[in-house]
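Here is a short walk through one protein model. Keep the sequence and the 3D view open as you read.

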Amino acid sequence: MAKFGMPSQRVLLIDDSSEDRAMVRSALVRGGTDRRYEFLEAENAVLGLEICNEDSNLPIDCIIVDFHMPQMTGVELLAELLEGDIPRFPVIVLTGSSGTTQASQALQAGAQDYLTKDAIYPVVLSRLVDNAIERHLLMKRLKNSERAADSANRAKSALIGNISHEIRTPMTAVLGLCDVLLQSSLNDDQRNLLSMIRDNGSYLVEIVNDLLDISKMEADMLEIKPLAINLRDFLDDLISIMGVRANENSTALDVGFADDVPEWIFADPIRLRQILLNLLSNAIKFTPNGNVRLEAQNAGNDSQNLIRFVVEDNGCGIPQEDLENIFLPFMQSGTDLANRSRGTGLGLSICRRLIVAMGGRIDVESVIDEGSSFTVTLPLLEAHESMALQQKQTYTLSRTVEEILGDCEVVVAEDTRATQVLMRRFIEASGGKVTVLEDGQQLVAHVREHHRSISVVITDLQMPVLDGLDATRAIREFDSHTPVLVLTADALAETRSEAMEAGADDLITKPIDREKFLEMLAHWCECSIEKKSQSCDD
C-alpha cells in the first residue's frame, strides 16, 4: 500500500475502451510501487480536452491517450494541446498497431513517447511515464532558455541600435560642422585642431559600426551584396586611403596585382573594403618605419574561382600563442603593449566572420620581430565592366550642384538643433533656400500649404509628435510628386525598405557626407523643378 509522503503523479487516461483504461491503471499501480497515482479518465478526446482546459490547482502530470478514437484522434488532441512547439502536458500515445506509421505520426505531433497495447507491462509503463514527464520538463526549460536568449539578443540589438542613433546624430553635427569650418579661413593651428576633432569623431563612428556589425552577425542579420567591381581600381583606392596613415607612421605601403587575377570580379565592395582596410590598418599600426604590402593573387583552378589577398608586414610580429586569440571579440595580442594603438579588439573578429559569411577563410603566420602575413581566400566570380555599368547608381546632373540648388527650395524637419544648423549651412552655402521645422506635424502642415513651391522635403526618421515615416505617409495622401528624403542614423536595409514603402524617394544616412548629400539633393531638386519625377526614379 502506498505510504504518505510518496511522490504522486496525476495521470489523465483517454480511451474509448473502459477495459483498456483499467489495464493501464493496473499496470501503473503495480509498476510504480514507490509513488501514489491519481487517475482522471475520459472516454473520448473531446472530454479529455475539457479536463485539460479546466482551471485546477492540481496540474496533470501526464496524459496517456489512445491513437484511434471517435470524434477526435489522439494526434488531433495533441494539436489542440500545442503551445508553440510543445504540448502543454507530456503525452504518451497508445496504439494497437505494431507498425511505425502511427508511432511516427504521434512523435511528429509532439508526443513524448508511444506504446503498443500488447507491450503494456507494469515496470515498462511506469518508467515510460517518468521519462515522458522528465523529457517534457527538459524541453520546456530548453524552450524557455531559447526564448530568454532570443529576448536578450533582441534587447541587445535594440540597445545597440539606440546607441547607434544617439551617437550618430550628434556625430553628424560634430563632423559636419568641422567640414563647414574647414571650408572657411583658418590659420594652420586652427585647421590642425579641427582636423583632429574630425578624425577622432570618425574613429568613434567606426567603433559604433563595429558594434552594429557584431550585433547583426549574432542575430544572423548580416547581408552580403555582391556587385561587379574593378579590382585593380578598388585596391588602388584602398592604398590611397591608407597612404596618409602610413606616412604618419613612416611606413612604406605598396600594392601588387598578379597578371592572372581578373580585373573585374563580383564581391560585396563594402565588406571587402572593411576586411582589407582593417588588415592594412593593423599592419601599419604595428610596423612603424617598416614595410606593408597588399597583394592580390589568383588561387583558383578549373573548378573554382578563388582570389587570395595577402597583407604582409615586417613589424613586431605576434606570439604563436596569440594567433588564435586575436580573432576573438575584444581580444588583442600582448605584443608591444607599450606602443599599442587604440582599438576595440573587434576588427579581426568581424573580419573572420565576414570572410566566413562570404564563403572564404583567413590564415595568419607570424614571427616575433620579423613580421606577420594575413591571407584571405575568397570564392569570387569574374565579372565584366558592362555589368558594373548596369548596376551603377549615380545622380546625373545637367548643371553644377550650385546652379541647381540656386533654384531649389528645401524644407527640413529635424528636432536636433545642431543638425538643423548643419543642414541649413550645407544647403545655403551651396545657394539653396531652406525652411527648418521642429517635427513631423509641422512639416505636414507646411507642405500642405506650400507644396507647389517646395522642391524637396527632408525629414528625420525619429522626431517627436509625428515621426518621419508617418509624416511621409501623410504627405503622400495629398502630394505624390514632391521628392521626400528621409534622414536616419540607421542604414539597415529594412529601414530603407520601410522608408520606400512609406513613400520616400531616397535615404540620407548619418553622419552626413557633405558632397554626397548635396549631389543627392541637387538630383532630386532638378527632378522636382523640371517635373520629371518619373524619369528621375532610381
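Is Thr95 buried or exposed? The model is predicted, and in it Thr95 has a relative accessible area of 3%. The cut-off for buried is under 20%, so Thr95 is buried.

Thr95 makes a good starting point. This residue is found in strand 6. Its side chain makes a polar contact with the side chain of Gln102, at 2.2 Å. Gln102 also appears among the residues in contact with Thr95 once neighbours within four places in sequence are left aside. The others are Phe67, Leu115, Thr116 and Lys117.

Now widen the view to the sheet around that strand. Strands of a sheet pair through backbone hydrogen bonds, either parallel or antiparallel. Here an open sheet of 5 strands has parallel pairing, in the order 2-1-3-6-7. Strand 2 (36–42) and strand 7 (113–116) are the edge strands, and each pairs on one side only. On average, neighbouring strands of this sheet are turned by 20 degrees against each other, direction ignored.

Look at one pairing in detail. Strand 3 (residues 62–66) and strand 6 (residues 91–95) run in the parallel sense and pair over 4 bridges. Ile64 has Ile92 in strand 6 as its bridge partner. A helix crosses this region: helix 3 (residues 74–81) lies across strand 1 (8–14), strand 3 and strand 6. Helix 3 runs at about 145 degrees to strand 3.

Next come the charged pairs. How many salt bridges are there? The count comes to 21. One of them joins the side chains of Asp34 and Arg35, with N and O 3.0 Å apart. What sets these two partners apart is their accessibility. Asp34 has a relative accessible area of 42%, so it is partly exposed. Arg35 stands at 13%, so it counts as buried.

A second salt bridge links Arg88 and Glu83, whose closest N and O atoms are 3.9 Å apart. Arg88 is partly exposed, because its relative accessibility is 22%. Glu83 is exposed, with a relative accessible area of 52%.

A third joins Arg476 to Asp505, and the closest N and O atoms are 2.9 Å apart. Arg476 lies in helix 14, while Asp505 lies in the loop between helix 15 (493–502) and strand 19 (506–509). The pair therefore ties together parts that are 29 residues apart in sequence. Asp505 counts as partly exposed, at 24% relative accessibility. Some salt bridges share partners, and those join Asp15, Asp20, Asp66 and Lys117 into one network.

Turn now to the cysteines. The structure holds 1 disulfide. Which residues form the disulfide? Cys408 and Cys525 do, with their sulfur atoms 1.8 Å apart. The torsion about their S-S bond is about -50 degrees, so the disulfide is left-handed. Cys408 sits in the loop between helix 11 (401–405) and strand 15, and Cys525 sits in helix 16 (residues 514–529). The two cysteines therefore tie together parts that are 117 residues apart in sequence. Cys408 is buried, at 0% relative accessibility. Cys525 is buried as well, with a relative accessible area of 0%. Two further cysteines are worth a look. Cys178 is buried, with a relative accessible area of 4%. Cys316 is buried, with a value of 17%.

Strand 15 leads to the last stop. Of its 5 residues, 4 are buried, so strand 15 is largely enclosed by the rest of the structure. Strand 15 runs parallel to strand 16, and 5 bridges join the two. Glu409 stands opposite Lys433 in strand 16.

Both strands also help to cover a helix. The buried residues of helix 13 are covered by elements including strand 15 (409–413), strand 16 (433–437), strand 17 (456–460) and helix 14 (468–476). Which residues of helix 13 (residues 440–450) are buried? They are Gly440, Leu443, Val444, His446 and Val447. The N-terminal end of helix 13 is capped by Asp439. There, a side-chain oxygen of Asp439 lies 2.9 Å from the backbone nitrogen of Gln441.

Technical notes
Residues numbered from 1 in each chain as written. Predicted model: local features only at pLDDT ≥ 70, side-chain atom pairs only at ≥ 80, totals over all residues. Heavy atoms only, no water. Buried < 20%, exposed > 50% of the residue type's maximum accessible area, 1.4 Å probe, protein only. Contact = heavy atoms within 4.5 Å. Polar contact = N/O pair within 3.5 Å; in protein donor to acceptor, adjacent residues only side chain to side chain. Salt bridge = Lys/Arg side-chain N within 4 Å of Asp/Glu carboxyl O. Pairing = 2+ DSSP bridges. Axes fitted to C-alpha atoms, helices over the stretch in contact; angles between N-to-C directions. Disulfide = S-S within 2.5 Å.
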